Amino acid sequence: MNGSMMQQPLLVSSLLRHAERHHGEQEVVSRRVEGDVHRYTFGELASRSRQLANALRVLGVEFGDRVGTLAWNGYRHMELYYAVSGSGAVLHTLNPRLHPDQVVWIADHAEDQVLFFDLTFLPLVEAVASRVKTIKAFVLMTDRARMPAKTSVPNLLCYEDLLAAQPDHFDWPSFDENTASSLCYTSGTTGNPKGALYSHRSTLLHTYAVALPDAMNVSAREVILPVVPMFHVNAWGLPYAACMTGAKLVFPGPFLDGKNLHELFEAEGVTMSAGVPTVWQGLLAHVEANNLKFSTMRRTIIGGSACPPAMMRAFQDRYDVQVTHAWGMTEISPLGTVCALKPKQQKLDGEQRLAIQAKQGRAVFGVDMKIVDDEGKELPRDGKAAGELLVRGPWIIEKYFKGEGGQVLVDGWFPTGDVCTIDADGFMQITDRSKDVIKSGGEWIGSIDLENIAMAHPSVAMAACIAAPHPKWDERPLLVVVKKAGAEVSRHDLLKFYDGKIAKWWTPDDVVFVDAIPLGATGKVQKNKLRDQYRDHKLPGA
Ligand code: ADP
């Protein structure tokens with residue numbers, strides 16, 4: 001017997017409708033690429049999104065068409081989030097930090113019909129415009145006054161002109177909730193990038209999960225500044241969660257350095273933020289160097305790569321900003337786990353509490369997870385056994401866009417490529433990505449542990465640990481370190497720093513000091529590049 005409840009599809013447009021009706025006065029503040037600060041309300045967001053939806057029709061965008069964006073976090077990008085998906089087309093956020101060849105490859109693969117882009121990316125679009133195969137219209141996200149006098153981009157359109165020509169009434173269509181809403185490609189550190197194609201249903205369910213108290217705890221009382229880019233996995237769902245809850249949004253545009261972020265936090269009363277560890281490093285360095293504090297910031301969600309405990313300590317002990325560690329993937333929309341403490345853990349303090357916070361956390365409801373050995377046999381949840389993490393749930397991909405890579409699921413589970421443990425309380429901890437694991441004499445060494453220890457050294461700004469070839473052990477850990485400005489530390493002192501903190505045989509065999517560690521388009525260390533670079537590195541005693 002069926003229940004007798006209404007059949008209402010879960011649609012992205014319903015979030016906007018809700019935000020306008022119930023939080024119409026709430027602010028969206030954006031630091032624009034033009035440099036100034038723009039301010040409007042959810043009410044204006046909704047009305048301009050309707051104008052944009054009309055403009056998309058004029059541009060010939062049809063149901064299911066892909067619409068590309070190359071844009072920072074800002075209100076116009078937010079309008080595209082709602083207008084494109086809301087009208088039944090697919091929002092394809094491209095990562096502007098990728099090489100132009102990759103941008104062309106991805107836009108062609110997605111068969112983007114229109115490309116919207118920020119002023120900053122005019123040179124990039126000029127470099128790719130004649131090469132992309134399917135894009136019929138290029139729209140610069142600015143006003144008439146800032147349109148370039150000369151450009152090689154064919155028939156360049158002006159965003160504000162397009163909107164101004166349209167009425168602000170538009171009836172958001174209703175359709176099957178399984179319709180595709182947005183598309184994001186993985187960084188493709190190995191092989192070609194592959195697309196994760198989200199649906200309206202998966203996006204809405206993910207948004208409910210993101211907003212939960214033990215997830216990102218988003219509410220009408222929060223002022224959120226997402227540092228995590230809207231071009232990478234929908235800024236972890238925050239632009240949707242803000243509309244669902246009525247939280248104020250503050251967008252930093254391209255100004256992601258410590259000084260600009262701190263100024264915006266203070267000026268707008270930001271209470272929470274979210275981003276990858278590399279961004280927070282710049283912020284902490286700025287705050288420390290200038291003896292600043294945070295007057296309204298209470299917490300930050302850190303994920304995308306492992307958050308070193310030293311960074312948590314700095315935020316929490318020195319600045320009273322609570323750090324919540326989270327884990328996710330492009331293929332998972334992205335939220336998988338959040339490290340929200342259980343009551344018994346809240347009583348812990350100091351290092352014991354940090355040891356739990358360093359874990360990637362518990363599965364949010366909707367995500368089921370398990371770890372398996374090389375034969376696919378499930379491993380115990382004892383916090384010790386390490387194996388590959390498999391996940392399943394309604395916002396996890398079943399296959400990649402256009403079926404690339406073939407069958408990806410294993411008995412209905414998505415293999416994440418992350419190696420981790422799960423403890424009896426359900427807390428997952430990543431020791432490595434399977435492709436980054438260091439295998440010494442057949443035994444795994446967790447590079448994240450080694451990096452976390454190095455990062456706790458007062459002279460270390462950044463550390464990455466990779467496998468270097470070794471004639472006897474096959475691989476041994478090599479530590480690559482960037483020193484803090486003006487700081488001094490020797491190889492010997494750094495290696496000594498590991499004493500008593502890990503099993504002796506885990507200690508790196510060597511340290512190399514470098515000026516910078518290569519970061520990928522989403523701010524993560526490119527270990528494959530480092531491995532290539534140090535392929536012939538001769539370890540002492542090898
Ligand atoms: P890619 O880097 O391939 O584009 P994603 O941005 O989707 O992919 O990143 C997913 C991967 O990032 C995860 O599989 C995991 O290896 C890593 N990751 C994400 N969050 C964390 C975290 N909190 N700690 C450690 N690794 C993380």
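Select helix 2 and helix 3 to begin: these two helices are oblique to each other, a word reserved here for angles that are not under 35 degrees (roughly parallel), over 145 (roughly antiparallel) or 65 to 115 (roughly perpendicular). Helix 2 covers residues 42-58, and its axis lies 8 Å from that of helix 3, at an angle of about 60°. Axes are lines fitted to C-alpha atoms, for helices over the stretch in contact, with angles running from 0 to 180 degrees between N-to-C directions; helices (H or I, at least four residues) and strands (E, at least two) are DSSP runs, numbered from the N terminus.

The model is a predicted one, in which local features need pLDDT of at least 70 and side-chain atom pairs count only at pLDDT 80 or more, while totals for chains, interfaces and linings use all residues. Residues are numbered from 1 along each chain as its sequence is written, and side-chain values use heavy atoms, with hydrogens and water left out.

Staying with this pair, look along the crossing, which is right-handed, meaning that the near helix is turned clockwise from the far one by less than a right angle. Show side chains next: on helix 2, Phe-42, Leu-45, Arg-48, Ser-49, Leu-52, Ala-53 and Leu-56 meet Tyr-75, Arg-76, Met-78, Glu-79, Leu-80, Tyr-82, Ala-83 and Val-84 of helix 3, where contact means heavy atoms within 4.5 Å. Sorted by class, this contact has eleven nonpolar, one polar and three charged residues, with Ala, Val, Leu, Ile, Met, Phe, Trp, Tyr, Cys and Pro counted as nonpolar, Asp, Glu, Lys and Arg as charged, and the others, Gly among them, as polar.

Now keep helix 3 (residues 75-86) and add helix 8 (residues 238-245), whose axes come within 11 Å and cross at roughly 80°. Helix 3 is therefore roughly perpendicular to helix 8. Met-78, Tyr-81 and Tyr-82 on helix 3 make the contact with Pro-239, Tyr-240 and Cys-243 on helix 8, a set of six nonpolar, no polar and no charged residues.

Swap helix 3 for helix 7 (residues 200-211), the axis of which comes within 9 Å of that of helix 8 and crosses at roughly 75°. Here Thr-203, Leu-204, Thr-207, Tyr-208, Val-210 and Ala-211 of helix 7 meet Leu-238, Tyr-240, Ala-241, Met-244 and Thr-245 of helix 8, dividing into eight nonpolar, three polar and no charged residues.

Two backbone details come next. Select Trp-236, in the loop between strand 10 (223-226) and helix 8; this residue has a positive phi of about 55° although it is not a glycine. Then go to Pro-334, in the loop between strand 14 (322-328) and strand 15 (335-338), where a cis peptide bond with omega of about 5° joins Ser-333 and Pro-334.

Further along, residues 450-524 carry the UniProt feature "domain: AMP-binding enzyme C-terminal", from an unreviewed entry. This stretch is 16% helix and 33% strand, with its end C-alpha atoms 17 Å apart.

Finally, zoom out to the protein chain, which has 16 helices and 25 strands and whose C-alpha atoms fill a box of roughly 70 × 65 × 45 Å along the principal axes.

How values were computed
UniProt positions are given in the numbering used here, feature names are shortened, and annotations may be inferred rather than shown by experiment.
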